[in-house]
Amino acid sequence: MAEDRNNNLYYKHSGRFSLPKLSLNISLSIIISAILALIYCLIDKYNPFIYIQAIITFFLVALLGIINSEFLLGSKVRNKAINIGYGLTIGFTTLYFSWLFWVYAVLDYKYSLLDIVLSPIGLLQTINALNKVYVISVYSTQITGGSLLVLWLLESIFIVGGITYYTLSGQKFTVFCESCENWCKGDKTFELENKVELNTIKRVLEAKNLSYLKQLSIKSNTSPSWLRLYTRKCHNCSTTNTLTVSEINLKINNQGEVSEQEKEIISDLLISSQETTQLENICQEINTNANQN
Ligand SMILES: [Zn+2]
């Protein structure tokens, strides 16, 4: 796939972004992370059930990741390094606020928040001192000292890594129209029977020989494997259009549960507006023929 990205057949991000919007949105993300970290720490202080806290940690991470992702789209960021940097920044900011508010709450609000903020070394020393006396119960096992440090470390990795992961998840499969500066939207999905070699499909579609698809048929309900084609297009100016093709295989596990496994063969191949219409017409024709037979 890496070599595909090096030529001009496929869509790739331009690296551009809107600096005013990005600056505003990252500031908003930091404020939201502070508010959510405060709520997170207050629940931690008053909720005795560690399992509930684990679920809340997951929600904190997922929610912030989703918010970041929306803000990155709003900032028109077409730059992977900025997406990663944004996720990591909010991950570490949330971690910092979590420790700050946790220490503030655990010491029963005796110290001013500003004093804790102004003394980062004091904050670390307090966390170190609390580590020796603070106890968490998991399945009637008392966790403190070194074991607690390991637990805190895992929680920290989960917060930073999880927020970054969810931030980036929302950035996958995004295509931007540089002509009118809008995100392209997913448009149509077609499912066709997979009768030919995947390499052939890839080669033929890269050559824009779309009529080749006419020899494929519609996916039957009993197929264990088929092709899924989807188009993305700019609904504003129609300049940018892409095609993604995946092979879907049904997998059945030991419990008899069926799941779809998707393998992308073609990821955002650039096609013209006319080619998009041609492709959609061919797929619709195959669909209509199947319904008539
Ligand atoms: Zn456009």
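This passage looks at a pair of packed helices, a hairpin of two strands and one helix residue in a predicted model.

A good place to begin is the pairing of helix 3, which spans residues 50-74, with helix 4, which spans residues 80-106. Two packed helices are described by the angle between their axes and the distance between the axes. Here the axes lie 11 Å apart and the angle is about 140°. Helix 3 and helix 4 are therefore oblique to each other, since only angles over 145 degrees count as roughly antiparallel. The crossing of helix 3 with helix 4 is right-handed. On the side of helix 3, the contact is made by Leu64, Asn68 and Leu72, while helix 4 contributes Asn83, Tyr86, Gly87, Ile90 and Thr94. Sorted by class, this contact has 4 nonpolar and 4 polar residues, and no charged ones.

Further along the chain, strand 7 (residues 241-252) runs antiparallel to strand 8 (residues 258-271), and 11 bridges join them. Among the paired residues, Val245 has Ile266 of strand 8 as its bridge partner. The two strands form a hairpin with 5 residues between them. In the turn, Gly256 has a positive phi of about 80°.

The last stop is Glu275, a residue of helix 9 (residues 273-292). Is Glu275 buried or exposed? Glu275 counts as partly exposed because 17 C-beta neighbours lie inside 10 Å, whereas a buried residue would need 20 or more. Apart from neighbours within four places in sequence, Glu275 is in contact with Lys208 and Leu210. Asp108 is 167 residues from Glu275 along the chain, and their C-alpha atoms are separated by 66 Å.

Definitions and conventions
Residues numbered from 1 in each chain as written. Predicted model: local features only at pLDDT ≥ 70, side-chain atom pairs only at ≥ 80, totals over all residues. Helix = DSSP H or I, 4+ residues; strand = E, 2+ residues; numbered from the N terminus. Buried ≥ 20, exposed ≤ 12 C-beta atoms within 10 Å, placed from the backbone. Contact = placed C-beta atoms within 7 Å. Axes fitted to C-alpha atoms, helices over the stretch in contact; angles between N-to-C directions. Parallel < 35°, antiparallel > 145°, perpendicular 65-115°, else oblique. Left-handed = near helix turned anticlockwise from the far one by under 90°. Nonpolar A, V, L, I, M, F, W, Y, C, P; charged D, E, K, R; others polar. Pairing = 2+ DSSP bridges.
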